[in-house]
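Here are some exercises to work through with the model open beside you. Try each task before you read its solution.

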Amino acid sequence: ARAYDGRGPATALLAAIVGRLGVRNFRETPDAIYGAGMGTAEVAALAPVVNDVAEAGDSVAREILVRAGTDLADGVAVVIDRLRLAGEHRLVSYQGAVLESCTTTREAFIRSLEQRVSGIRVEAPRHEPIMGAYLLGRRVLNWPASELHAEGPA
């Protein structure tokens with residue numbers, strides 16, 4: 001939007017977003033997004049477009065992805081602090097299409113989180129989100145994961 005109204009540098013994002021949304025020009029994008037009632041998943045589905053433009057060398061797109069990763073890391077760092085989870089050997093993972101598919105965002109997330117929280121380690125997800133919730137539930141119930149195929153606690 002800044003590029004469109006002259007407040008920011010030129011970017012290939014204008015044409016890429018217009019093309020992805022199927023509108024005639026960038027001026028129609030707010031209506032295509034807000035007027036059409038796009039949900040979170042549909043807006044997040046635009047991230048690969050931004051990623052493609054960034055990988056093609058567009059500095060504006062790259063900065064958007066870096067800022068997204070940094071903002072996500074800031075949120076995680078606040079949660080770690082508020083829940084008093086800071087300490088050595090903390091493991092964090094991530095979920096979601098943006099962090100999984102946008103390398104620039106993921107790298108900025110990891111770098112920023114490691115700078116903000118000492119002793120943190122970020123790993124790629126081992127399971128789908130539902131499996132992670134299941135395993136955490138087992139832990140809360142003191143139902144060891146080694147009994148993963150058992151019927152449950154006696």
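Two residues are in contact when they have heavy atoms within 4.5 Å. With that cut-off, Ser112 touches Thr70, Ala73 and Asp74, not counting residues up to four places away in sequence. Keep in mind that this is a predicted model.

**Exercise 1. The whole chain**

Task: Find how many helices and strands the protein chain has, and work out how its radius of gyration stands against that of a compact globule of 154 residues.

Solution:
- Start with the count: there are 8 helices and 2 strands in the protein chain.
- Next, read the order from the N terminus on, which is α-α-α-α-α-β-α-α-β-α.
- Now take the radius of gyration. The protein chain has 20 Å, while a compact globule of 154 residues would be near 15 Å.
- The box tells you about the outline: along the principal axes, the C-alpha atoms fill roughly 65 × 35 × 25 Å.
- As for burial, 27% of the 154 residues count as buried.
- Finally, look at the contacts between residues at least 6 apart in sequence: 56% of them join residues at least 24 apart.

**Exercise 2. Two helices that cross**

Task: Helix α1 and helix α4 come within 10 Å of each other, axis to axis. Work out at what angle they cross, and whether the crossing is left-handed or right-handed.

Solution:
- Locate the pair first: α1 covers residues 13-21 and α4 covers residues 47-55.
- Their axes cross at roughly 145°.
- The crossing of α1 and α4 is right-handed.
- Then pick out who makes the contact. From α1 come Leu13, Ala16, Ile17 and Arg20, and from α4 come Val49, Val50 and Val53.
- Sort those residues by character, and you get 6 nonpolar, no polar and 1 charged.

**Exercise 3. Thr29**

Task: Decide whether Thr29 is buried or exposed, and find which backbone oxygen lies 2.8 Å from a polar atom of its side chain.

Solution:
- Thr29 sits in helix α2, which spans residues 29-35.
- Its relative accessibility is 4%, so Thr29 counts as buried; the cut-off for that is under 20%.
- The oxygen you want belongs to the backbone of Phe26, 2.8 Å from a polar atom of the Thr29 side chain.
- Setting aside neighbours within four places in sequence, Thr29 is in contact with Ile17, Leu21 and Val23. Ile17 came up before, as one of the α1 residues in the contact with α4.

**Exercise 4. Three residues of α7**

Task: Thr103, Thr105 and Ser112 are in helix α7. Say for each whether it is buried, partly exposed or exposed.

Solution:
- The helix itself runs over residues 103-116.
- Thr103 has 30% relative accessibility, so it counts as partly exposed. Its C-alpha is 8.1 Å from that of Asn51, although the two are 52 residues apart in sequence.
- Thr105 is at 0%, so it counts as buried. Apart from neighbours within four places in sequence, Thr105 contacts Leu65, Ala68, Gly69, Val98 and Leu99.
- Thr105 and Ala47 are 58 residues apart in sequence, with 9.8 Å between their C-alpha atoms.
- Ser112 is at 9%, so Ser112 counts as buried too.

**Exercise 5. Two residues outside the helices**

Task: Find where Ala56 and Asn142 lie. Then say what is notable about phi of Asn142.

Solution:
- Ala56 is in the loop between α4 and α5, the latter being residues 59-82.
- With a relative accessible area of 71%, Ala56 is exposed; the cut-off is over 50%.
- In sequence, Ala56 and Gly39 are 17 residues apart; in space, their C-alpha atoms are 27 Å apart.
- Asn142 belongs to the segment after α8 (129-140).
- Asn142 counts as exposed because its relative accessibility is 68%.
- Phi of Asn142 is near 55°, a positive value in a residue other than glycine. Most residues other than glycine have a negative phi.

How values were computed: Residues numbered from 1 in each chain as written. Predicted model: local features only at pLDDT ≥ 70, side-chain atom pairs only at ≥ 80, totals over all residues. Heavy atoms only, no water. Helix = DSSP H or I, 4+ residues; strand = E, 2+ residues; numbered from the N terminus. Buried < 20%, exposed > 50% of the residue type's maximum accessible area, 1.4 Å probe, protein only. Polar contact = N/O pair within 3.5 Å; in protein donor to acceptor, adjacent residues only side chain to side chain. Axes fitted to C-alpha atoms, helices over the stretch in contact; angles between N-to-C directions. Left-handed = near helix turned anticlockwise from the far one by under 90°. Nonpolar A, V, L, I, M, F, W, Y, C, P; charged D, E, K, R; others polar. Rg over C-alpha atoms; globule rule 2.2 N^0.38 Å.
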